[in-house]
Structure formats: structure tokens, C-alpha cells
Amino acid sequence: MEKIRQFIESKQYTLLRKELTEYNHADIAELLEELPKEEAFQIFRLLPKDMAADVFSYLPIDLEQMVIISLTDREAANIVDNLMADDATDLMEEMPSNVVKRLLGNASQEARRAINHLLQYPEDSAGSIMTVEFVDLKESLTVSQAIDKIRKIGLDKETINICYVLDKRRCLIGTVALRYLLISEPDAVIGDIMNDKVISIQTLMDQEEVADIFQKYDFTAMPVVDKENRLVGIITVDDVVDIMREEATEDIEKMAAIVPTDKPYMKTGVFETWKKRIPWLLLLMISATFTGQIISYYENALGTYVILTAFIPMLMDSGGNAGGQASVTIIRGISLNEIAFSDIFQIIWKEIRVAAACGITLGAATFCKLMFFDRVSLTIASVVCFTLVVTIFIAKVVGCTLPMLAKKVGFDPAVMASPFITTIVDALSLIVYFQFATHLLRIKT
């Protein structure tokens with residue numbers, strides 16, 4: 001990259017163009033991200049036409065928008081025509097309507113047809129992320145004829161590793177890998193060597209389910225069919241990697257009580273970040289007022305034994321941490337389809353045993369600390385330790401059940417993660433704490 005920067009500084013654009021052709025498309029896209037906008041646009045225009053579209057597909061969406069707007073109608077049309085249909089569709093979905101009209105108006109008829117076909121599917125469905133560039137073969141072709149066809153059209157396809165065998169109605173009846181074509185006899189018939197046990201994806205299937213199927217079967221590409229089993233596109237593993245990253249990011253944001261966003265952190269403005277965070281913060285603040293009401297209700301206990309106040313943060317934090325551990329584990333299991341609602345009683349029983357072990361361990365450690373280091377009375381130590389054991393128990397049970405109940409009624413389990421569970425556990429732990437205090441210390445409320 002240092003050589004490229006030298007060519008840019010010395011304005012040796014002929015040598016720069018030649019040097020760029022030696023680099024990987026993803027590396028060039030990364031370089032464009034780092035450069036000032038004007039320089040990035042200038043270098044992008046130096047790229048050969050067939051290379052420009054490949055580099056363009058690696059750019060982040062905000063830079064794609066700026067580049068496409070900076071190009072002439074003819075240059076923009078060349079980019080759209082040379083992009084894979086799924087990448088072009090993603091671009092159209094992010095562009096303002098006036099820019100979309102301009103791009104589609106100048107694009108080739110074939111590109112317009114492919115883009116409009118993909119745009120008809122619901123967002124986050126298999127149909128919306130598939131590409132229509134695939135190799136299809138007739139079962140009556142010989143291996144020699146099939147290889148000749150791949151030579152003619154393969155360069156413009158997303159992948160040629162797997163070819164799809166269709167009947168006269170374009171229904172999917174089998175697949176054949178390129179390697180089998182290469183090792184088969186030239187006069188062998190495709191229908192005889194194809195794999196007729198095809199696993200396919202429905203166009204309206206949710207993209208998260210698509211990712212699960214790819215993970216289950218370890219495929220690099222899968223066919224997408226309509227209700228009549230007609231092949232309409234394919235999804236490749238690079239699209240699935242993007243899906244998994246999006247879903248993981250969305251879950252992490254929900255678990256942190258943030259409204260999900262598609263933009264990177266550094267490209268999200270302060271006001272937009274505020275809008276994403278404030279709804280959950282307001283909700284959690286309102287729900288946390290119950291904690292204050294509980295403390296007010298037991299004001300006499302705190303007034304009589306002020307030392308009880310010192311242990312409230314430890315009890316609440318321990319409960320929140322224990323509940324968070326259980327919820328994150330369960331949410332992860334649900335997302336990987338390792339856990340179903342029918343497992344709820346088995347899960348609760350397991351978490352009860354884990355809670356007992358964790359609670360007793362923490363309680364014993366806390367008791368030793370209170371007696372030998374803090375030197376509180378036996379009764380105070382008992383109140384704190386008994387509360388800690390019960391709090392861990394409650395937190396584990398709440399943490400494992402709420403995400404599963406949320407999934408059962410149709411909510412995202414990630415919403416029931418740490419912040420929400422912590423608020424519930426905080427309130428319950430305080431009630432338990434003051435109940436133990438009033439009974440063991442014989443305090444009147």
C-alpha cells in the first residue's frame with residue numbers, strides 16, 4: 001500500500017492504475033475507506049470497468065452512496081450492470097428514491113429485471129438476500145455439453161462450484177458439483193450423475209433460519225425455490241456470514257438495551273445514538289423506581305440498623321450478575337436451536353442446582369468476610385448470607401425462564417437479557433433482604 005500512496009502523492013496515475021490491478025479487491029476497498037473523499041473518488045475512477053464493480057461491492061454502504069452519486073450516469077450504470085444482483089439490490093434499498101430512479105433508468109434491462117425481482121421479497125427473507133446469477137443445466141445434457149455451457153456463462157455467475165439441474169418447468173430436481181463433471185466421462189448424462197436429494201430454501205424463509213441451515217449442512221451455496229419448487233436463485237456462504245454478523249450485532253445491542261441500528265458506531269451521529277438508547281433507559285428507569293419504593297417501605301429497618309445499607313449494592317450486583325449469566329446462556333442456546341420451550345423444566349431444574357452450588361459458595365465466602373474482616377454480629381451476617389443464597393436462586397430461575405417465555409409468546413429473547421432481568425432481580429432481592437432483616441432482627445416495619 002505504501003507504493004500506492006507514493007503514486008497518489010506524485011500524481012503518477014498511469015502507474016497507479018497499473019499497480020491497483022495487482023491488488024486484491026477487498027484491499028483496494030479498504031484503502032479507499034482510509035483516503036479523503038476526493039482522492040477516493042479519483043482513484044475509483046481509475047479502476048478498469050470490470051474491476052470497479054468488484055471493488056465497489058466491498059465498500060461500506062455510506063461510501064457506496066457517495067461514490068455512486070459522484071459518478072456520471074454512464075459510470076453508475078456500468079457499476080450496477082456489473083454488480084451481482086443481490087449486491088445491486090442491497091444498494092438500491094439504501095439509496096434515496098431519486099437516486100434509485102436514476103440508477104435503474106440507466107441500467108441494462110437484464111439488471112433492472114433482476115433487481116426488481118429481488119426487491120419484491122420481504123426484508124430479511126431468503127428471497128431478499130439471494131442472487132439470480134447461477135448455473136442451471138438440463139438433465140438431458142451430457143457432461144461435455146454441460147462443461148461447454150459453464151465455459152460460456154460461468155464468468156458472470158456468483159459460483160460455478162455447484163450447478164443446478166432443472167426440468168422443463170424449471171423445477172429443481174438435482175444438483176451436480178463441478179468436480180464430478182470434471183472426473184465423469186464426457187458422454188455421461190447429467191440426469192444419471194446428479195444428486196437428486198436436494199436440500200433447498202423457501203423464498204420467504206427468515207434469513208436467521210437460512211444461516212442455521214447453512215451451519216447445519218456446511219454448504220457453501222444453497223438453492224432458493226418458490227412454492228412450486230421452481231429455482232429462483234441461490235444464497236452463497238458469504239451472504240450467510242453477513243447475516244450472522246448482523247444477527248449477532250442485533251442480539252448484543254438488544255441485550256444491552258439499545259435499539260438495533262445498521263450503521264457502524266463511528267458513523268452514527270450523537271442525536272441518532274441518543275434516539276437508539278433513550279427509550280430503554282427511560283423504561284428501565286421507570287421500572288427501577290420500584291426499587292426505591294421498596295427501600296422507602298423498609299425505612300425503619302434501615303434506620304435501626306444503618307449497616308444494612310452497606311450490603312445492598314453487593315446483593316443487587318450479585319443477583320444481577322447471576323441472572324445475566326443464566327439469561328445469556330439460554331439466549332445463546334435458543335439462537336443456536338440447542339434449546340426448545342419443551343426443555344424449560346429440565347433447564348429450571350439444572351439452574352436450581354447450579355444456583356444452590358453458587359449461592360452456598362458465595363454465602364460461605366461472604367460469611368467468612370463479614371465475621372473475620374468486617375466483624376459484624378452473627379445475626380447481621382446471617383441476614384446478608386441467607387439473602388445472598390436466596391437472591392442467587394431467584395436470579396438464576398428468572399434469568400433462565402424469562403427468555404424462554406419471551407420466545408414462546410413471540411418476543412425476541414434478547415430483550416429479556418441483562419438490563420431487564422437485573423431490574424426484576426434487584427427488586428426481588430431487596431424484598432428478600434428486608435424480610436430476613438425484619439424477622440431475624442425483629443424489626444417492626
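# Overall form, helix packing and selected residues

Biologist: What radius of gyration does the protein have, against that of a compact globule of 445 residues?

Modeller: A compact globule of 445 residues would have a radius of gyration near 22 Å. The model, which is a predicted one, has C-alpha atoms that fill a box of roughly 90 × 60 × 40 Å along the principal axes. Set against the globule value, the radius of gyration of the protein is 30 Å.

Biologist: How many helices and strands does the protein have, and what percentage of the residues count as buried?

Modeller: The secondary structure of the protein consists of 22 helices and 6 strands. Among the contacts with a separation of 6 or more, residues 24 or more positions apart account for 67%. Of the 445 residues, the portion that counts as buried is 43%.

Biologist: How are helix α3 and helix α5 oriented to each other, roughly perpendicular or roughly parallel?

Modeller: The axes of α3 (residues 25-34) and α5 (residues 49-56) come within 8 Å and cross at roughly 70°. Because angles of 65 to 115 degrees fall in one class, the orientation of α3 to α5 is roughly perpendicular.

Biologist: Which residues of α5 make the contact with α3?

Modeller: α3 passes α5 in a right-handed crossing. On the α3 side the contact is made by His 25, Ile 28, Ala 29 and Leu 32, and by class the contact as a whole has 5 nonpolar, 1 polar and 1 charged residues. On the α5 side the residues are Met 51, Asp 54 and Val 55.

Biologist: How do α20 and α21 run, roughly antiparallel or roughly parallel?

Modeller: Helix α20 (residues 344-374) and helix α21 (residues 378-408) have axes 8 Å apart and pack at an angle of about 155°. Since the cut-off for this class is an angle over 145 degrees, α20 is placed relative to α21 as roughly antiparallel.

Biologist: How many nonpolar residues does the contact of α20 with α21 have?

Modeller: The two helices meet with α20 passing α21 in a right-handed crossing. The contact includes 4 polar and 2 charged residues, while the number of nonpolar residues is 23.

Biologist: Is Thr 391 of helix α21 buried or exposed?

Modeller: Thr 391 lies in helix α21, and, leaving aside neighbours within four places in sequence, Thr 391 is in contact with Leu 315, Gly 319, Val 425 and Ser 429. Because the relative accessible area of Thr 391 is 1% and the cut-off is under 20%, Thr 391 counts as buried.

Biologist: What is the relative accessible area of Glu 64?

Modeller: Glu 64 is a residue of helix α6 (residues 61-70). Not counting residues up to four places away in sequence, Glu 64 touches Phe 56, Ser 57, Leu 59, Leu 91 and Met 95. Glu 64 is buried, and its relative accessible area is 8%.

Biologist: How far are the C-alpha atoms of Leu 141 and Leu 20 separated?

Modeller: Leu 141 lies in the loop between β1 (136-138) and α12 (143-153), where it is buried with a relative accessible area of 18%. Beyond its neighbours within four places in sequence, Leu 141 is in contact with Ala 188, Val 189 and Ile 190. Leu 20 is 121 residues apart from Leu 141 along the chain, and their C-alpha atoms are separated by 41 Å.

Biologist: What is the C-alpha to C-alpha distance of Val 198 and Leu 172?

Modeller: Val 198 is found in the loop between α14 (190-193) and β4 (201-202) and is partly exposed, with a relative accessible area of 25%. Leaving aside neighbours within four places in sequence, the contacts of Val 198 are Leu 172, Ile 173, Gly 174, Thr 175 and Pro 223. Val 198 and Leu 172 are 26 residues apart in sequence, and their C-alpha atoms are apart in space by 8.2 Å.

Biologist: What phi does Asp 218 have, and what phi does Asn 229 have?

Modeller: Most residues other than glycine have a negative phi. Asp 218, in the loop between α15 (207-217) and β5 (221-225), is exposed at 66% relative accessible area, whereas Asn 229, in the loop between β5 and β6 (231-236), is partly exposed at 31%. Although Asp 218 is not a glycine, its phi is positive at about 60°, and Asn 229, also not a glycine, has a positive phi of about 65°.

Technical notes: Residues are numbered from 1 along each chain as its sequence is written. This is a predicted model: local features need pLDDT of at least 70, side-chain atom pairs count only at pLDDT 80 or more; totals for chains, interfaces and linings use all residues. Side-chain values use heavy atoms; hydrogens and water are left out. Axes are lines fitted to C-alpha atoms, for helices over the stretch in contact, and angles run from 0 to 180 degrees between N-to-C directions. Helices (H or I, at least four residues) and strands (E, at least two) are DSSP runs, numbered from the N terminus. Angles under 35 degrees count as roughly parallel, over 145 as roughly antiparallel, 65 to 115 as roughly perpendicular and the rest as oblique. A crossing is left-handed if the near helix is turned anticlockwise from the far one by less than a right angle, and right-handed if clockwise. Contact means heavy atoms within 4.5 Å. Ala, Val, Leu, Ile, Met, Phe, Trp, Tyr, Cys and Pro count as nonpolar, Asp, Glu, Lys and Arg as charged, and the others, Gly among them, as polar. The radius of gyration is taken over C-alpha atoms; the globule rule is 2.2 Å times the number of residues to the power 0.38. Buried means under 20% relative accessible area, exposed over 50%, partly exposed in between (1.4 Å probe, protein chains only).
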